[in-house]
Every structure is written in C-alpha cells, then in structure tokens.
Amino acid sequence: MNEQLAAQLRAAMREGRLVAGERLPAGRTLAASLGVSRTVVTEAYEQLYAEGWLEGRHGSGTYVTDIATDIAPAPEVRGGGTAVAAPPEEAAGAIDLRPGVPFIGRLDTPAWRRAWRLAATVTPAARPDPRGLPGLRAELADYVRRSRGVACPPERLLVTRGATNGLDLLAAAVLRPGDRVGVEEPGYGKARNILAARGMELVPCPVDEHGLVVDALPGDLRLVYTTPSHQYPLGGVLPVPRRQALLAWARRAGALIAEDDYDGEFRYDVAPLPALYGLDPDVVVYLGTAAKILTADVGVGWLVARPDVAEAVAARRADLSDRTAVVPQEAMRLLLERGDLDRYVRRMRGEYARRRATVAGALEGLPLRGDTAGLHLVVETPPGHAARAEREAARRGVLLDTVERHHAGPPRVSGLVIGYGAAPSLGALRTASSLVRELVAAG
Ligand SMILES: Cc1ncc(COP(=O)(O)O)c(C=O)c1O
C-alpha cells in the first residue's frame with residue numbers, strides 16, 4: 001500500500017504534477033482523504049525522503065525537492081548496427097556511467113560564485129605554510145568532526161590537493177622504498193600507482209563484500225591503504241568488528257592505516273558509520289577530498305594524522321615544494337564558513353539518492369553490490385560477460401567500466417561498476433541503465 005502511494009507520488013513529481021517547492025498535505029490529512037491508515041502515508045513519505053524526492057522544513061511540513069533539472073529528456077541510446085565506437089574520450093554525446101565522477105550540474109550557485117570572487121581578493125603569503133591556511137584548517141577540522149566523526153585539533157590536519165596527493169605525501173614522509181604496503185584487491189588503481197611510484201613493494205590484500213579481509217593481512221606491512229566507508233570498487237562498508245580487528249592488527253604490526261574516505265559523505269537508507277580514524281587516531285591517517293562533494297578540479301583535500309606523522313608530512317611537503325594554491329583554499333574556507341558547503345552536500349545527497357534509486361530500480365533483481373553509499377554500485381556478472389557488455393554499450397552510446405579492470409592480478413570478481421555521478425540527468429541514467437539491464441540479461 002505504502003509502496004503504491006510512493007509510486008504514485010513519484011510519478012506525479014516526475015511528470016511535473018507536483019513541482020519543486022510544493023508543500024505536501026500533512027500525513028493525517030492525506031490519509032483521511034485517501035481512506036488509508038496514517039502509517040501508510042508516513043512510510044511512503046519516509047521512502048521518498050530517503051530517495052531525496054522530499055524534504056522537511058523544520059516545523060513547516062513536507063516539500064518537494066528541486067528535481068526539475070533531473071527530468072530533462074534523456075539522450076537517445078543508439079540502436080544495434082555496425083558503427084565502430086569512438087574511444088570513450090571522444091564519444092561525444094555518450095552517456096557516461098563510469099565511476100569516479102561527481103555531478104556538477106548544480107555547482108554554479110550564487111554561493112559558489114561569491115566564494116570564488118571573494119577568494120580572488122585574498123592576499124597571498126610570500127612563504128606559504130606547507131600545512132595550509134590556518135583558517136581553512138580550522139574550518140576543515142570542524143567539518144570532518146560534524147560530517148565524519150573525526151575529532152581532531154587543527155594542528156593534526158593538513159590541507160592537501162586531494163586524497164591521492166595526501167597518500168603520496170604520506171608515503172614520501174613515512175615510508176622508504178622497498179617497504180611492504182598493503183593495497184586492496186580489487187582496489188583503487190591510482191593509489192597503487194602512487195605507492196609503486198614511491199618505490200613501495202605492493203602487497204595485494206583481498207576484499208570481500210564487506211571490504212578488506214582483515215584476517216588475511218600479513219604481519220610485515222608498514223602501511224595498508226583502504227577504503228572502509230565504501231570499498232573501491234566493490235562497495236563494501238567495513239563492519240565494526242572488522243574495524244576493530246583492523247586497528248588491533250595495525251597496533252600489533254606497528255603499521256599505519258591510510259583511510260581513503262573519498263565519498264564517505266554519501267550514504268543511503270542506512271545509518272552512517274563514522275570514519276575509522278575516530279576509533280584510533282594514533283594508527284589511522286585520514287584522507288579526505290573535495291573531489292566527490294564538489295569536484296576534483298577544486299584541488300583541495302585534507303589529511304589528518306597524529307602529531308609526529310602530521311609534522312613529518314608537512315616537512316616533506318615543504319622539501320618537495322608541493323602545495324595547495326591559496327585561492328582554492330580561501331574559496332573552500334568561505335564555502336565552509338557560511339554553511340554553503342554543508343547545504344550543498346545535503347542537496348547532493350538527495351540528488352545522488354535519486355540517481356542511485358533510478359539505477360538500482362532499473363537493475364532490480366540483478367546481483368547488485370555496494371549500493372548503500374557513494375556514487376557507484378556494482379552489478380556482478382559471470383566472467384567475460386562484463387567486457388562484452390562494455391563493448392556493446394560503447395557501440396550504443398553508453399560508457400561502462402568493469403570490475404576486472406580494478407584488479408592488479410587475475411580478476412577474482414567479475415561485473416560492471418556503474419557510476420551515477422556523470423550522467424546529465426535522471427532520464428539519461430534511466431535510459432542507460434535499461435541498456436545495461438538488457439546487455440547483462442543477454443549475457
Ligand atoms: C577511491 C578513490 N579515492 C580517491 C579519489 C579522489 O582522489 P583525489 O582527491 O586525489 O582526486 C577517488 C576519485 O575517483 C577515488 O575513487
């Protein structure tokens with residue numbers, strides 16, 4: 001019953017019969033006029049809240065969110081035929097379902113423009129602090145506390161250019177060429193490349209549907225790189241007992257854990273788990289980034305570590321002349337100070353919840369993984385099928401990515417990694433996801 005009501009309301013919003021900003025009737029009123037119980041209405045509203053269609057304004061009721069831009073007509077997916085696909089970068093007009101790209105169609109707000117305009121008037125320092133602008137560090141320390149449960153004094157936080165830049169600096173500061181470093185398998189290829197370029201001996205560490213398999217970690221690693229909030233790419237969220245086991249392992253091994261929290265702000269339908277760092281700030285180095293909450297093009301990230309590690313990173317950074325430019329730092333500070341970033345992240349959580357519901361809805365019944373967080377999910381397929389689906393989809397104007405590609409060694413898991421950030425609209429996502437369904441079903 002509540003499902004039916006939710007579907008009717010969704011259709012009304014999609015078709016423009018209910019528009020952004022419109023207030024919905026109170027639960028009691030709607031229940032009475034439909035002749036259903038109040039619970040049915042409450043549950044339908046809750047479902048639509050979770051998907052991002054509705055928002056509550058304190059004390060004043062339930063409103064339709066701003067979805068107008070999402071219901072733009074979808075680009076056509078090309079039919080069968082023999083045209084040779086352009087390489088992904090050149091496939092103009094293609095719908096891009098590859099992971100790693102946020103939706104930036106709503107970034108250009110008055111707050112965004114104001115922050116950059118004001119930031120451009122900042123007085124640059126003659127000798128930049130390798131730890132970043134003090135004002136931004138204080139704002140970021142506050143941000144990671146309220147958004148990710150990372151309690152740290154600003155002294156422990158350094159501004160970087162992104163999560164991978166943070167990892168690179170960490171490796172340069174605390175590791176030596178030849179050190180054995182654990183990386184998730186399958187895992188984030190750029191992290192592997194960065195550590196390999198610093199001369200580390202990479203040790204692939206298996207992951208399962210929950211994330212890193214802690215019992216399988218060797219005792220002689222100096223560091224393990226991991227994505228506990230949303231394993232990249234399989235999407236597992238590391239459960240609390242494994243988190244504790246991982247911290248105990250790090251203490252026993254005398255190793256550091258590099259926690260890449262690249263998309264930890266986005267969680268759907270499930271209670272958020274705070275960052276691992278909060279459980280043991282002495283063995284975890286937290287790597288955050290603006291790459292998903294805004295875009296990688298902002299070039300700002302943050303690293304939080306215990307004081308000796310933070311100092312070593314700052315010193316090494318100065319040696320390497322690696323720095324974050326002052327204008328993006330100041331823009332980021334202004335966005336944080338005025339609450340604009342938090343508002344934007346809340347809005348994007350709704351946007352991504354709708355996108356994820358669209359993809360998951362189109363792929364319902366297929367074996368999905370990792371769809372409770374982040375900006376991508378995985379559809380498992382039998383070995384060999386994903387690469388075939390990827391080729392056929394490219395021919396028909398949809399760009400896909402395979403799980404196989406994220407392995408350093410022989411693939412242990414097969415499937416497609418579906419990113420829902422890059423598509424221009426919900427309509428495009430729906431069209432492209434239907435094609436994925438068709439291709440996966442065809443085998
Ligand atoms: C696993 C993972 N970590 C980090 C990042 C972002 O890194 P950076 O902040 O260096 O751009 C991404 C972006 O796609 C990612 O997928």
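Reader: Which residues of the largest nonpolar core touch the most other members?

Author: The structure is a predicted model. Its largest nonpolar core has 107 residues. Within this core, the residues that touch the most other members are V285, L303, V304 and V436.

Reader: Which helix gives the largest share of this core?

Author: The share in question amounts to eight residues of the core. These residues belong to the helix that spans 426-442, namely helix 13.

Reader: Why does this core lie between domain 2 and domain 3?

Author: Domain 2 is made of two segments, 70-107 and 342-442, and domain 3 covers 110-339. The core lies between them because residues are given to it by both domain 2 and domain 3.

Reader: With which residues is V304 in contact, leaving aside its neighbours within four places in sequence?

Author: V304 is among the core residues that touch the most other members. Once neighbours within four places in sequence are set aside, its contacts are V144, V150, C152, R156, L157, Y277 and Y286.

Reader: How many residues does the second, separate core have?

Author: Apart from the core already described, there is a second one, and L5, L30, Y45 and V64 are included in it. The number of residues in this second core is ten.

Reader: Which strands are the edge strands of the open sheet of eight strands?

Author: The strands of this sheet follow the order 5-12-11-10-9-6-7-8, and their pairing is mixed. An edge strand here pairs on one side only. That applies to strand 5 (157-160) and strand 8 (211-212).

Reader: Which residue in strand 9 stands opposite V181?

Author: Strand 6 comprises residues 180-185 and strand 9 comprises residues 223-226; three bridges pair them in the parallel sense. Opposite V181, strand 9 places L223.

Reader: Why is one side of strand 13 and of strand 16 left without a neighbour in the sheet?

Author: The open sheet of four strands is antiparallel in its pairing and has the order 13-14-17-16. Strand 13 (368-369) and strand 16 (401-402) are at its edges, so one side of each has no neighbour, as each has a single partner strand.

Reader: Which residue in strand 14 is the bridge partner of L368?

Author: Strand 14 (residues 376-380) runs antiparallel to strand 13, and two bridges join them. For L368, the bridge partner in strand 14 is V379.

Reader: Which helix gives the most to the shell around the ligand?

Author: There are 14 residues around the ligand, and G100, G162, T164, Y262 and T289 come nearest. By character, the shell holds six nonpolar residues, seven polar ones and one charged. Three residues of the shell come from the helix that gives the most, helix 6 (residues 163-174).

Definitions and conventions
Residues numbered from 1 in each chain as written. Predicted model: local features only at pLDDT ≥ 70, side-chain atom pairs only at ≥ 80, totals over all residues. Near = placed C-beta within 6 Å. Nonpolar A, V, L, I, M, F, W, Y, C, P; charged D, E, K, R; others polar. Pairing = 2+ DSSP bridges. Core = buried A, V, L, I, M, F, W, Y, C linked by C-beta atoms within 7 Å. Buried ≥ 20, exposed ≤ 12 C-beta atoms within 10 Å, placed from the backbone. Domains from an automatic or database assignment. Contact = placed C-beta atoms within 7 Å.
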